[in-house]
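Here is a short note on how two chains meet. Please keep the model open as you read.

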2 protein chains.
Amino acid sequence: MPGSGKGVFRKTVQRMGCPVVIMGDVVREEVKRRNLKPTPENLGKTMLNLRELEGPAAIAKRCIPKLKKATGRIVVIDGVRSLAEVEIFKKHFPNFVLVAIYASPETRYQRLFRRKRSDDPTNWETFMERDLRELGVGMGTVIAAADHTIVNEGTLAQLKTEIRLVMKEMIEDE
Amino acid sequence: MPGSGKGVFRKTVQRMGCPVVIMGDVVREEVKRRNLKPTPENLGKTMLNLRELEGPAAIAKRCIPKLKKATGRIVVIDGVRSLAEVEIFKKHFPNFVLVAIYASPETRYQRLFRRKRSDDPTNWETFMERDLRELGVGMGTVIAAADHTIVNEGTLAQLKTEIRLVMKEMIEDE
């Protein structure tokens, strides 16, 4: 969910040397290909249009060749949002592991409010609207079905320690 | 989700002296009122029928008088399954706090397989079917939107410690 700590996960594993495929990049590439400006509106519309044209796992499918090209013991996919996407990834990569990062709505709101990216909420109402939009596409289902859940209610250092632990466990399982 | 540790939560808080209202009891009472046997099938059908007749928050609405009658610093509701139910509870009880208990599908499957209640799965396929049924009514959305998440991947003793910690925090917040 927005503000849970997904970005920290990505940066931490990148620093560990893991290649990361960002699902949002697929949408950004398509926006560029269509000669549109990468505004939040154009990105949102293009994402919905891709799903309409190519099905609910459209973005995931476009990630497959990128993932197959990546080399490393663990390759990380950033931005899974529905069970349809999980199914595609599991089909192509039998060792696929789903990791969720949880933080309470209150904590996430405070973080986003402090972060103040252009598309971050400035009040509780717009925060809740965005939450419900994410949950509407099936984000909650993916979170509930995760193979690992990291609770991120503490400090940044605690989160990084937990991320390294989960990654170490995965390498050992493999 | 089935096998996550919801029952341990209920028993632990009951031993702490908290009254607990079990949402499933509303359905069991209705089954009795209709002179039906409390089979899993009759319980399932009656639950769906109540929702059809009285809306998606039917079970939650029937819990309100029970909750208002209960006395204690904290009253626990067992069995929230959709955001519609959360909204009803928040409306009637502004200090409502949503707690989720998470365990990975693998861990939950092993627990249910060992528990062997009459309606527990005996193979991965029936386990996944039940999971998808729970997620289909919006369980994942509720889990992702929880105010507290307890990760229950360790021992029973660790879970009980964590439950007592969450309850203590709530009493302090109040």
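1. A polar contact is a pair of N or O atoms within 3.5 Å; within protein, one must be able to donate a hydrogen and the other to accept it, and residues adjacent in sequence count only if both atoms are side-chain atoms. By that rule, 6 residue pairs are in polar contact across the interface of chain B and chain A, both residues at pLDDT 80 or more.

2. This is a predicted model, in which local features need pLDDT of at least 70, side-chain atom pairs count only at pLDDT 80 or more, and totals for chains, interfaces and linings use all residues. Residues are numbered from 1 along each chain as its sequence is written, chains are lettered from A and ligands numbered from 1 in the order in which they are written, and side-chain values use heavy atoms, with hydrogens and water left out.

3. Confidence comes next. pLDDT is the predictor's confidence in each residue, from 0 to 100. Chain A has a mean pLDDT of 92, and 100% of its residues reach 70 or more. For the complex, the predictor gives an ipTM of 0.84 and a pTM of 0.88.

4. How are the copies related? A turn of 180° and a shift of 0.0 Å along the axis lay chain B on chain A with an RMSD of 0.0 Å (least squares on the C-alpha atoms of residues with pLDDT of at least 70 in both). That is the relation of a two-fold axis. In chain B, Gly140(B) has the C-alpha nearest the axis, 2.1 Å from it.

5. Now the interface. Contact means heavy atoms within 4.5 Å. By this measure, 17 residues of chain B touch 16 residues of chain A. Of the interface residues of chain B, 94% are also interface residues in chain A, so the copies meet through the same surface.

6. The two chains bury about 1300 Å² between them, 67% of it on carbon and sulfur atoms (buried area is the accessible area, 1.4 Å probe, that two parts lose on being put together, summed over both). In chain B, Tyr102(B), Leu135(B) and Ala144(B) lose the most area to chain A, together 36% of what that side buries.

7. What about salt bridges? The term means a side-chain nitrogen of Lys or Arg within 4 Å of a carboxyl oxygen of Asp or Glu. The rule finds 0 across the interface of chain B and chain A. Over all chains, the structure holds 26 salt bridges.
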